[in-house]
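Open the structure in your viewer and keep the sequence panel beside it. We will go from stop to stop, selecting a few residues each time and looking at what surrounds them.

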Amino acid sequence: MPTVLVVYYSRTGNTRKLVEGFARGVRRVEGVDVAVRSVEEARVEDLLRADAIVFASPSYFRLPAWPLKKFIDESIAVYERLGGKIGGALCTAASEIGAVKCVQALRDALEEHGVAFIGEGLWCIEEPDEEALEKAAKYGEEIAGKLIKR
């Protein structure tokens with residue numbers, strides 16, 4: 001069964017909530033599994049086993065939080081071995097510009113690995129409300145749906 005791996009960092013719980021909404025959407029698609037791992041739990045080797053990779057982070061100074069950035073830096077161990085996978089990004093931030101820049105940084109990291117980025121990523125300001133959670137779920141459905149069609 002194809003698997004979507006979500007690797008996230010969340011200090012306040014806002015990013016974790018957005019990830020939960022995303023995972024709910026993935027679960028709506030029959031035949032796709034989702035594995036949600038905090039950056040503390042995730043291992044770089046997990047990236048090799050996933051069919052889709054999603055990074056999620058709060059934005060600090062328009063960049064991903066350092067624990068996720070550290071994980072991304074450590075992913076050099078699997079460089080040039082993630083091609084053919086798909087991926088996405090989720091971000092919570094205090095401002096739109098911070099969120100957009102953070103999603104772009106996560107997209108850049110995935111694309112550098114040869115991962116095909118799906119959509120524009122998803123972000124929300126501060127704590128996700130019901131609308132943001134439903135948008136996250138729809139993004140999860142979109143990525144899971146792409147795996148089924150492969």
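Before the first click, one definition: a residue is called buried when its relative accessible area is under 20%, exposed when it is over 50%, and partly exposed in between. Keep in mind too that this is a predicted model.

**Stop 1: K17 and E127**

Select K17, in helix α1 (residues 14-27). Its relative accessibility is 28%, so K17 falls in the partly exposed class. Now add E127, in the loop between β7 and α5 (130-148). E127 is partly exposed as well, at 47% relative accessibility. Show both side chains: they meet in a salt bridge, with 2.5 Å from N to O. The two residues sit 110 residues apart in sequence, so this pair ties together distant parts of the chain. In general, side chains of opposite charge can pair when their charged atoms come close. The structure holds eleven salt bridges, and the next stop shows some others.

**Stop 2: helix α3**

Move to helix α3 and select K69 and D73, which lie four residues apart, about one turn of the helix. Their closest N and O atoms are 2.4 Å apart, in a salt bridge. K69 has a relative accessibility of 38%, which makes it partly exposed, and D73, at 43%, is partly exposed too.

Stay on α3 and pick K70 and E74, again four residues apart, about one turn of the helix. This pair also forms a salt bridge, and here the closest N and O atoms are 2.6 Å apart. Both residues are partly exposed: K70 at 41% relative accessibility and E74 at 37%.

For a salt-bridge arrangement of another kind, select R28, E134, K138 and E141: salt bridges that share partners join these four into one network.

**Stop 3: K85**

Next, select K85, in the loop between α3 (66-74) and β5 (86-93). Which side chain of opposite charge is nearest to K85? It is D51, 5.5 Å away. A salt bridge needs the side-chain nitrogen within 4 Å of a carboxyl oxygen, and K85, although buried, has none. Turn on the backbone atoms and look at A50: its backbone oxygen lies 2.4 Å from a polar atom of the K85 side chain.

Now display the surroundings. Leaving aside residues up to four places away in sequence, K85 touches L47, L48, A50, D51, I53, G114, V115, A116 and R150.

**Stop 4: W123 and its patch**

Switch to a surface view and select W123, in strand β7 (residues 122-125). W123 is partly exposed, with a relative accessible area of 30%. Add V100 and I125 to the selection: together with W123 they form a nonpolar patch on the surface. The accessible area of the three together is about 220 Å².

**Stop 5: E40**

Finish with E40, in the loop between β2 (33-38) and α2 (46-49). Is E40 buried or exposed? At 51% relative accessibility, E40 counts as exposed. Then select F71 and draw a distance between the two C-alpha atoms: E40 and F71 are 9.0 Å apart in space, with their positions 31 residues apart in sequence.

Technical notes
Residues numbered from 1 in each chain as written. Predicted model: local features only at pLDDT ≥ 70, side-chain atom pairs only at ≥ 80, totals over all residues. Heavy atoms only, no water. Buried < 20%, exposed > 50% of the residue type's maximum accessible area, 1.4 Å probe, protein only. Lys, Arg positive; Asp, Glu negative; His and termini not counted. Polar contact = N/O pair within 3.5 Å; in protein donor to acceptor, adjacent residues only side chain to side chain. Contact = heavy atoms within 4.5 Å. Patch = residues over 30% accessible without salt bridge, like charges linked within 9 Å, V, L, I, M, F, W, Y side chains within 5 Å. Areas by Shrake-Rupley, 256 points an atom, 1.4 Å probe, with all protein chains shown as cover.
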